[in-house]
Amino acid sequence: MEKRDADFNILLATDSYKVTHYKQYPPNTSKVYSYFECREKKTDPSKTRKVKYQQTVFYGLQYILHKYLKGKVVTSEKIQEAKDVYQEHFQDDVFNEKGWKYILEKYDGHLPIEVKAVPEGSVIPRGNVLFTVESTDPECYWLTNWVETILVQIWYPITVATNSREQKKILAKYLMETSGTLEGLEYKLHDFGYRGVSSQETAGIGASAHLVNFKGTDTVAGIGVIKKYYGTKDPVPGFSVPAAEHSTITAWGKDHEKDAFEHIIKQFPSVPVSIVSDSYDIYNACEKIWGEDLRTLVEKRSADAPLVVRPDSGNPLDTVLKVLEILGKKFPPFENCRGYKLLPPYIRVIQGDGVDINTLQEIVEGMKKHRWSIENISFGSGGALLQKLTRDLLNCSFKCSYVVTNGLGVNVFKDPVADPNKRSKKGRLSLHRKQNGDYVTLEEGKGDLEEYGADLLHTVFHNGKIVKTYTFDEVRDNARLKESEMEELIH
């Protein structure tokens, strides 16, 4: 797929305490088996969030496996580098040099582990197993939880994709209610998050996770991640349009805002063009500049190349409603088949300031109350879409559930007295779908009975080789909104 970063060293890509864990398992341990889930959170009803996130979108494991774990990842140079670092780091000789040399010699530096996972893009209720990891060589029992650190970073793409899909549900519900169609849904939430994330890598992973659900993005890094690690039938998986920023407006000077608008709108006659209009006075810009001075130019544009007015300050709901009201007086709307107001096809609005899942809900609800169709608007979201998220939002965790010691398999679990939410699963796990469509995780190896049908966990990685991959088109198809979900949303 690509050349791995030569500087990356899997021997240094773990939490410090894990370096010492090979000495801590019971003597004669020959296998460790662990699993990943987004735990269910049973909370006090008075503290519940507006959004429950009852399902999660599984996405991003393929990226991690390709970029960090496949192929020859252990070399004598990397063993020496790790030995030197840990000697200084711990001020003691605790590094498992013998174990890593064994992997280098017996497996040519390939990791003797097996990873089984649900298909990428799967929408799975919280509290179910999503992937499992186990060592395949009795000498390397300790390796299973060594890779926990890097594998659990999948929390990020899962959380972005899940949060993005929940917003898609909100948009789908209100779009259907106010227009009778889902046309254009995939372009209703645009990724503005490139500058708001912590790194280039975060931008690529996060933007690709949003593109599981939508097709609009300004975070170019996501396109590269998808093309390199997943692949699509289309040349690119995400699209954008020409748009102004404040510098391209204010560079003309305060007295020449109209000239800036006129110049930019003429530069892009045959594609949609988004023009930020709040550099000075958004309401004057809508009423006087767009609504009077440049009205003829605006009216000449087509449905395929509308002017998209972008407010970028103030209370999001109030601003959107006022902008729609002013534009509606200058460009009279008509009633659609559901009786909601729709601006002429040559003019639309994008709200890209202060948009998160809660303000999105407030804006579309407010628009509906004021009889405006959601067809009039699209949204941009940055920090809230890609950065204002943590592993705790979906309670992503990786726990050991089965070990083999002295040749005997033992089901293991944790059950903290102070937090029943943190009780973990026991034994070898499998995921099944019952006839009524509900998912169930079977514990203690009971999936062998298969009374619920085949296990949905498939081997994706075995002893350093990736054995199953998904295209991005398959990921999107797995994550699409189902008809049953739409019915539930609308009724």
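# Pockets, cavities and framework

The lining of the second largest pocket is made up of twelve nonpolar, nine polar and 13 charged residues (Ala, Val, Leu, Ile, Met, Phe, Trp, Tyr, Cys and Pro are nonpolar, Asp, Glu, Lys and Arg charged, and the others polar). The model is predicted, and local features need pLDDT of at least 70 and side-chain atom pairs 80 or more, while totals for chains, interfaces and linings use all residues. Residues are numbered from 1 along each chain as its sequence is written, and side-chain values use heavy atoms, without hydrogens and water.

## The pockets

The second largest pocket has a volume of about 970 Å³, and among the 34 residues of its lining those closest to the centre are Q55, V123, R165, K169 and E485. Two or more lining residues come from each of β4 (123–125), α6, α14, α16 (472–479) and α17 (483–490), and α6 contributes the most, with five residues. On a 1 Å grid, a pocket is an open set of points with protein on both sides within 12 Å along at least five of seven lines, a cavity is a set where a 1.4 Å probe fits but cannot get out, and lining residues have an atom within 4 Å of a point.

The largest pocket holds about 1,400 Å³ of space, and its lining counts 47 residues, with Y187, H190, V308, I350 and S378 lying nearest the centre. The elements that supply two or more residues to this lining are β8, β11, β12 and α15 (383–386), and the largest share, four residues, belongs to β12.

## The cavities

Two cavities of 30 Å³ or more are found in a search of the whole structure. The largest cavity, with a volume of about 60 Å³, is lined by F58, L61, Q62, L65, A117, V118, E120, V460, I466, K468 and Y470, and helix α1 (residues 61–69) gives the most to this lining, with three residues. The second largest cavity encloses about 50 Å³, and the residues that line it are K18, H21, Y22, Y25, W142, N145 and W146.

The linings divide by residue class as follows.

| Lining | Nonpolar | Polar | Charged |
|---|---|---|---|
| Largest pocket | 19 residues | 17 residues | eleven residues |
| Second largest pocket | twelve residues | nine residues | 13 residues |
| Largest cavity | eight residues | one residue | two residues |
| Second largest cavity | four residues | two residues | one residue |

## The sheet and its helices

Strands β8, β11 and β12, which help to line the largest pocket, belong to an open sheet of five strands in the order β6-β12-β11-β8-β7, with parallel pairing (at least two bridges between strands; strands have at least two residues, helices at least four). Because β6 (189–191) and β7 (273–276) stand at the edges with a single partner strand each, one side of each is left without a neighbour in the sheet. Four bridges join β7 to the parallel strand β8 (residues 307–310), and within this pair I275 has V309 of β8 as its bridge partner.

Helix α14 (residues 357–369) lies across β11 (347–351) and β12 (377–381), and runs at about 170° to β12 (angles run from 0 to 180 degrees). Elsewhere, the axes of helix α6 (residues 155–179) and helix α7 (residues 200–210) come within 8 Å and cross at roughly 35°. Their contact (heavy atoms within 4.5 Å) involves Y156, P157, V160, A161 and S164 of α6 together with T202, I205, G206, A209 and H210 of α7. Six of these contact residues are nonpolar and four polar, with no charged residue among them.

Technical notes
Grid points are joined across faces, edges and corners, and a volume is the space filled by probe spheres set on the points.
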